Amino acid sequence: MEAEVERQLDAYYADADHAFSVPWRLLGTPYQLRVWQQIAAIPRGETRRYLDLSRDLASSPRAVGGACGRNPIPIIVPCHRVVASAGLGGFNQSRGDETLDIKRWLLRHELG
């Protein structure tokens, strides 16, 4: 299975239109699962704001951000597509340049 995940990640890095077909199941709180389901529905090349998701979930942007940061498969469930109202927000439980550079690259990659 690891080889298949690696193959599909390589395919995505080569072509953002790649659709992942590896089986996956997320384990998290009921709230996290709802957030991750919303994130998984964001189309490639589009973004949603933490605020938008929080309204859809009757929650808070901070809680949505916390669930995003705990997403264990951030490429397949594309939490990089969730941004702040003013700027990028965080990525992978961080606001550091290293992770934000990854988020920027993923967003550019998906825009073509």
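Let's start at a contact. Tyr12, Tyr13 and Ala14 in H1 meet Trp105, Leu106, His109 and Glu110 in H5. Contact here means heavy atoms within 4.5 Å. By class, the residues of this contact of H1 with H5 split into 5 nonpolar, 1 polar and 1 charged. The classes are simple: Ala, Val, Leu, Ile, Met, Phe, Trp, Tyr, Cys and Pro are nonpolar, Asp, Glu, Lys and Arg are charged, and the others, Gly among them, are polar.

Some ground rules. This is a predicted model, where local features need pLDDT of at least 70, side-chain atom pairs count only at pLDDT 80 or more, and totals for chains, interfaces and linings use all residues. Residues are numbered from 1 along each chain as its sequence is written, and side-chain values use heavy atoms, with hydrogens and water left out.

Confidence next. pLDDT is the predictor's confidence in each residue, from 0 to 100. The chain averages 92, and 99% of the residues score at least 70. Among the elements of the chain, H5 has the lowest mean, 90. Helix H2, residues 30-40, has the highest, 97. Helices and strands are DSSP runs, numbered from the N terminus: H or I with at least four residues for helices, E with at least two for strands.

Back to the first helix pair, now the geometry. H1 covers residues 2-14 and H5 covers residues 97-111. They pack at an angle of about 70°, with their axes 9 Å apart. That makes H1 roughly perpendicular to H5. The cut-offs: under 35 degrees is roughly parallel, over 145 roughly antiparallel, 65 to 115 roughly perpendicular, and the rest oblique. Axes are lines fitted to C-alpha atoms, for helices over the stretch in contact, and angles run from 0 to 180 degrees between N-to-C directions.

Now the rings. How many aromatic pairs does the structure hold? There are 3. Rings of Phe, Tyr and Trp (its six-membered ring) pair if their centres lie within 6.5 Å; planes under 30 degrees apart are stacked, over 60 edge-to-face, and the rest tilted. Take tyrosine 13 and tryptophan 105. Their pair is edge-to-face, at 6.1 Å centre to centre and 65° between the planes. Tyrosine 13 lies in helix H1 and tryptophan 105 in helix H5, so the pair ties together parts that are 92 residues apart in sequence.

Are these two rings hidden? Tyrosine 13 is partly exposed, at 37% relative accessible area. Tryptophan 105 is also partly exposed, at 37%. The scale: buried is under 20% relative accessible area, exposed is over 50%, and partly exposed is in between (1.4 Å probe, protein chains only). There is a cluster here too. Tyr12, Tyr13, Phe20 and Trp105 form one aromatic cluster.Phe20 leads to another residue. Isoleucine 76 touches Phe20, Val22 and Trp24, not counting residues up to four places away in sequence. Isoleucine 76 sits in the loop between H4 and S2. From isoleucine 76 to alanine 11 is 12 Å, C-alpha to C-alpha, with their places 65 residues apart in sequence.

Second helix pair: H2 and H4. Their axes come within 9 Å and cross at roughly 85°. H2 and H4 are therefore roughly perpendicular to each other. From H2, the contact uses Tyr31, Gln32, Val35, Trp36 and Ile39. From H4, it uses Ala63, Val64, Ala67 and Cys68. The class count for H2 with H4 is 8 nonpolar, 1 polar and no charged residues.

Stay on H4, residues 61-69. Which of its residues are buried? Val64, Ala67, Cys68 and Gly69. These buried residues pack against H2, helix H3 (50-56) and strand S2 (82-83).

One backbone point. Alanine 58 is in the loop between H3 and H4. Its phi is near 50°, a positive value in a residue other than glycine. Alanine 58 is exposed, with 76% relative accessible area.

Now two residues of H5. Threonine 99 is in this helix. Buried or exposed? Threonine 99 is buried, at 13%. Leaving out residues up to four places away in sequence, threonine 99 touches Phe91, Asn92 and Ser94. Isoleucine 102 is in H5 as well. At 43%, isoleucine 102 is partly exposed. Its C-alpha lies 9.7 Å from that of asparagine 92, 10 residues away along the chain.

Last stop: arginine 25, in the loop between H1 and H2. At 70% relative accessibility, arginine 25 counts as exposed. Arginine 25 and lysine 103 are 78 residues apart along the chain, and their C-alpha atoms are separated by 23 Å. That's the tour.
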